[in-house]
Each structure stands twice: as structure tokens, then as C-alpha cells.
Amino acid sequence: QAFLNGKRPETFGALWNQGGTLKTCNLSPEDYSWVKELKDIGYQNAFIGKWDVNPIFGPLDYGFDHFTPLNDYWEYREKHYPSLKYEEGWMGEIDKIPYRENVSHWLAYKAIDYMEEYSDNDKPWHIRLDFPGPHLPCRPSKEFAKLYNSNDIPPWPSFEEDFKNKPYIQKQQLYSWNIEDLTWQDWKETVALYYATISEIDNAIGKILDKLDKLNQADNTLIIYTADHGDMCGSHRMIDKHYVLYDDVVRVPLVIRWPSIVPPNKVIDEYIYQFLDIPPTILEALGEALPDFFVGRSLLPLLKGRDVKKWRKEAVTTYNGQQFGLYTQRMIRNETWKYIWNTTDIDELYNLQEDPYELNNLIGNEEYKPIVNCLRKRLYEVLMEEGDGLVKSSWIKRQLLNNKKLDHQM
């Protein structure tokens, strides 16, 4: 929802996934969507795959012209393979159908269909392809599962997590998922499936890139590849993505291919909000005006190698999840420090240079109090500037600015 709108989700009340057990607000079709801007200037827009914006309204209500929903794949699968059922639950399993009919490739071929259709006319086009993977449960086809031997995969360095001095909800997550007794022998099979699923998606994207070449569209197409979140996948002995802001979840891939603009193998080391920075990037690339309410910044200066001394020096991330109960987090990090504000539990502070796997929570150490004060002040400034209503409450705000919570944790 934030990706379509260009603002943080808290500003319009979208606190968690639209399909949650507790209802929350959703981005309305009347709200701003940059896809409508593309449509207004003549773009054909297609959405393929997993739609998570609104439980009532679909992509056609937000500016897209065509929509192939994920459910179309499941109907196809049921029709052609009615006797095949998944049996292993959240930890994943090998899919028994040929990879060309696995969900990733099936969706990729739908994208290719749109590419062929759109290339037959003179209109420009924009396609958004949302794969459901590598979200758990990972179910790669055997052709990709055989690429990874689980016995060759070493344990994550964070797998020895003991949850000492950590918010209790992290340990509770293990009990909620019934995984508290899993060893690395159990997890390594799931990790192998996770790797295989990523390789399968990469292969599916390769089919799309090959088609771009055949259509002579490769040099005229901006490709953006990213993810909405990571997965713990056994890191810190945890699963999925909830109640934590470890790098496993918040640091995601972002790859951009734009011939004649982005040199091959260029690496950008700056902090990027992928879903907030992409909308202004696309609009600026098209020469369109940027709405003044956008939180993100166009990546064009970074992509073109311009002077970026004034680029952001930290990243701020928010979480408002409710999978197993309401829990609110805000995070700020720079090259050395990560501070996580857990509004109803102990906060977290990690020295990312000395503790890159975020095992040692330093929040109770008196010598780091000045660092925490500085991070809290900056976090407050960013949240206020970007419209996060959480810090507007005087009761909540004093946790950050008056150090009431910090003193208690020391």
C-alpha cells in the first residue's frame, strides 16, 4: 500500500496486512496511486500475482489496466494436477510438478504474454510481477531443489540465540510456531528449499529478460527487482518476519537494470527505502512532477553517480504487526548502531560493526546512554517529519525524548 501511495503506511492507517484477523485501514481507490499517473500519460499497466493492497478493491481500481491474480494459478494447478497436494506445512517441501508449471514460472510466462501483447502497439507499458516466493512455505520444483545439498549449508551465525536481554515476544514466537525444539538438522532442509526457491525465481526472471531481448525492448526498459521483506528462516532460531527488525528481515535486495543510465556492476552503498524511493524514481525518469507528500527520494542522482553528500545517513523502519498479538516497533540504524524502540517491551541496541548478527543487546549498558539519546532524538525527528502518529502522543513521546524508558532499562 505504501509502495502505491508513496507515504509510510502509518500515515493512512494501514498498520498491517489487509488480510489480518484484526481489521485495519486500507489504501482506498480514491487515494493517490502513481500507477494512475502512468496511465494518464499513456502507459498500459498490468499487475500479475499476489495482490495485498485492499481485500475489496483490486489493481484495476488503482490504475492498472489488466490483472492476472495469483488465484488463477491455483485454479490452473487444481485443474491439471488435482491429485497433488502439499503435505509438509510451513517448513516447505519439493513441488512435484515440472518447474515450467510451478507458480514462479507460470506467473513469469503470464508477464511474457503481456509483453508480447503490449509490444504489438505503440504505447509504452509497465508490468508489476509479484511472486509469492520465497515466502514460507518454500516449495521449489525438483529441478532447483537438487541444486542445494542441505548438508553443505552451515548454521547461521545467529542460530545460537539464547534470547537473553531480548524482548520476550521473540522467544514466544518459537512457541507460537511450535518450533522451539528445532535443531539445525531440522532447519537446514528448510534453508535448502529457501535457496532453491530463490534460484527458481531467478530462472523465471531470466525467461523475462530473454524475451525482452527477443522483442528488442531490453535497451528501452527499466527493470527494478526487490522484495517487501526478508525471512528469518532459522536465523535467531525464528521463522517468518514478525516482531523483529533484525537485518534478516529489513535488509532486502534491490537490483536495477537501466541500459545507458546504470553502468553494469555498479554498487550503491547508500540507505534506500525501496518502496518509498522507487515511486519518485519512476516519475522523475518519465519527467513527471513529484507529489510534495512523497516520503522517498528519487534514486536518479545515485544511479547517475552525481554528488550525493546530502543523501540520508540512516534508515528508519516501522512495524505494527498483529499476527500473534499487537506489537509496535520503530527502528533507526546507521553504519555502526541500530536502535529499536519496542514501545511495550525492552528496547534493543546493537553495535553492527562488532556484532553484525545482532546477538548482544546493549540497551542496558550505561556507557552507551549518550548514543541511545542521540538515536532516539533523531528517530523522533524523522517520524514526526514523515507523519507517524505514534510519536504525536505525549504519553508515548516522552519514552523517546524524556528518556523515561531508558533510565528504567539501565
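Begin with the lining of the largest cavity in this predicted model: by class, this lining comprises 11 nonpolar, two polar and one charged residues. Select Trp90, Leu136, Cys138, Thr190 and Cys233, which lie nearest the centre of the largest cavity among the 14 residues that line it. The enclosed volume is about 90 Å³. In total, the model holds two cavities of 30 Å³ or more.

Move next to the second largest cavity, with a volume of about 40 Å³. To display its lining, select Arg77, Leu84, Lys85, Tyr86, Glu93, Ile94, Asp95 and Lys96. Five residues of this lining are charged and three are nonpolar, with no polar residue present.

Now turn to strand β8, residues 337–342, where six of the six residues are buried. Colour the two faces of β8 separately: Trp337, Tyr339 and Trp341 lie on one side, Lys338, Ile340 and Asn342 lie on the other, and all are buried.

From β8, select strand β7, residues 329–333, which pairs with β8 in the antiparallel sense over five bridges. Within this pairing, Met331 has Ile340 of β8 as its bridge partner. Three residues separate β7 from β8 in the hairpin that they form.

Finish with strand β9, residues 348–351, which runs antiparallel to β8 and is joined to β8 by four bridges. Here, select Lys338 together with Tyr350, its bridge partner in β9. The strands β8 and β9 also form a hairpin, with five residues between them.

Conventions:
Residues are numbered from 1 along each chain as its sequence is written. This is a predicted model: local features need pLDDT of at least 70, side-chain atom pairs count only at pLDDT 80 or more; totals for chains, interfaces and linings use all residues. Side-chain values use heavy atoms; hydrogens and water are left out. On a 1 Å grid over the protein atoms alone, a cavity is a set of points where a 1.4 Å probe fits but cannot get out, and a pocket is an open set with protein on both sides within 12 Å along at least five of seven lines; lining residues have an atom within 4 Å of a point. Grid points are joined across faces, edges and corners, and a volume is the space filled by probe spheres set on the points. Ala, Val, Leu, Ile, Met, Phe, Trp, Tyr, Cys and Pro count as nonpolar, Asp, Glu, Lys and Arg as charged, and the others, Gly among them, as polar. Buried means under 20% relative accessible area, exposed over 50%, partly exposed in between (1.4 Å probe, protein chains only). Two strands pair if DSSP finds at least two bridges between them.
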